[in-house]
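Here's a quick look at a helix pair and a few cysteines. Load up the model and follow along.

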Amino acid sequence: MTALLHLDEVSVAIGTIALLERISLTLGQGEILGLVGESGSGKSLTAMAAMGLLPLIGGRITAGSVGFDGQDMGAMTDAQRRALRGRRIGFVTQNPMTALDPVQRIGAQVDVVSRLHLGLSRTAARARTLDLLTQLRIPEAAAVAEAWPHQLSGGMKQRIVIAMALAGDPDLIIADEPTTALDVTVQAQIIQILGALVRDRGLALLLITHDMGVVAQVCDRVAVLYAGRLAEEGPVGPIFAAPAHPYTRALIGCIPQDGMARGSLRGIPGAVPSALAFPSGCRFHTRCAHATDICRTAVPALLPRDQGLVACHHAGQTTGDAA
Ligand SMILES: Nc1ncnc2c1ncn2[C@@H]1O[C@H](COP(=O)(O)OP(=O)(O)O)[C@@H](O)[C@H]1O
Ligand SMILES: [Mg+2]
């Protein structure tokens, strides 16, 4: 099977600062991959690299390659990459306000995607828009299509952004923290709707989140990023049952349990190090309770484990509390 999206040891820099190191990800047709890590881990940069958008922020791929449906994106022209985005890759951003034009009615903003990418007529595009809004469980789709962005709630706006990502009939959706800006009550609902739509249509989804609970809810596989490197990757079931990397375990430990007040959400002590001062060896060693000398000096290789990969000198030997 050809992977739909394949990052092969992609390294990314902005100016002279190396931000991502040898990131490999594979996303097959119809697969949902969660890309998870705390803020500053490099998730958005990975998404930008996958979409060929790094030049927008002055970044570039310094090593490795990105393939989409067997084609090397690095070898494409700007026009070819632009055609891919919207038509074959739909993008959902974190903040729906930046994705929507405040002075255009909702319907027109969704219509334009299928008119541009699928060549639909005005009438056909509007029919498609209303159909998409209904599938996203937006009540009174026709009225919403006539509304202005400021008249909608955050959750409704984010459903519109998802409709825009779907309107070009893409094979892949990249959603970068699609619910982070929303109320917790709305978050789970949107993730559930997005997951169901993607499954129904057999689309691939790269779902970026800092929340392992979201990963558990919808993803087939998960890739854990820490400080610009992959810590662990593999199928969701085995990784949640037996996370091999202390960082993965710590992220799983942050999922609020039933009955726990949302406000008491636990974090991992310490912070993701800055790219200007990445620690030597394993970059997680400064926050890891299991760190030994080798962790401080040698970069752990990403090695196969079960059906996935893990980069930890003590993979699988550590249990219990991670950090
Ligand atoms: N435009 C930029 N210029 C300089 N550094 C950046 C830029 N964008 C991101 N970074 C740095 O790259 C790292 C990863 O950022 P990002 O991919 O946005 O993380 P995440 O999405 O996981 O929160 C961070 O340390 C951030 O400071
Ligand atoms: Mg981000």
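In which hand of crossing does H4 pass H7? Right-handed is the answer for H4 passing H7. Keep in mind that this is a predicted model.

Now for the geometry of that pair. Helix H4 covers residues 106–118 and helix H7 covers residues 154–167. Their axes sit 8 Å apart, and the packing angle is about 15°. Because that angle falls under 35 degrees, H4 counts as roughly parallel to H7.

Who makes the contact? On the H4 side you'll find Ile 106, Gln 109, Val 110, Val 113, Ser 114 and Leu 118. H7 brings in Ile 160, Ala 163, Met 164 and Ala 167. Sorted by character, the residues where H4 meets H7 come out as 8 nonpolar and 2 polar, with no charged ones.

On to the cysteines. How many disulfides does the structure hold? The count is 0. Cys 254 is in no disulfide, and the nearest cysteine sulfur to its own belongs to Cys 288, 14 Å away. For Cys 288, the closest cysteine sulfur is in Cys 312 at 6.4 Å. A disulfide needs the two sulfur atoms within 2.5 Å, so the 6.4 Å between Cys 288 and Cys 312 is too far for a bond.

Are Cys 254 and Cys 288 buried or exposed? Here's how they come out:

| Residue | Relative accessible area | Status |
|---|---|---|
| Cys 254 | 17% | buried |
| Cys 288 | 16% | buried |

Both values are under the 20% cut-off, so Cys 254 and Cys 288 count as buried.

Terms used. Residues numbered from 1 in each chain as written. Chains lettered and ligands numbered in written order. Predicted model: local features only at pLDDT ≥ 70, side-chain atom pairs only at ≥ 80, totals over all residues. Heavy atoms only, no water. Axes fitted to C-alpha atoms, helices over the stretch in contact; angles between N-to-C directions. Helix = DSSP H or I, 4+ residues; strand = E, 2+ residues; numbered from the N terminus. Parallel < 35°, antiparallel > 145°, perpendicular 65-115°, else oblique. Left-handed = near helix turned anticlockwise from the far one by under 90°. Contact = heavy atoms within 4.5 Å. Nonpolar A, V, L, I, M, F, W, Y, C, P; charged D, E, K, R; others polar. Buried < 20%, exposed > 50% of the residue type's maximum accessible area, 1.4 Å probe, protein only.
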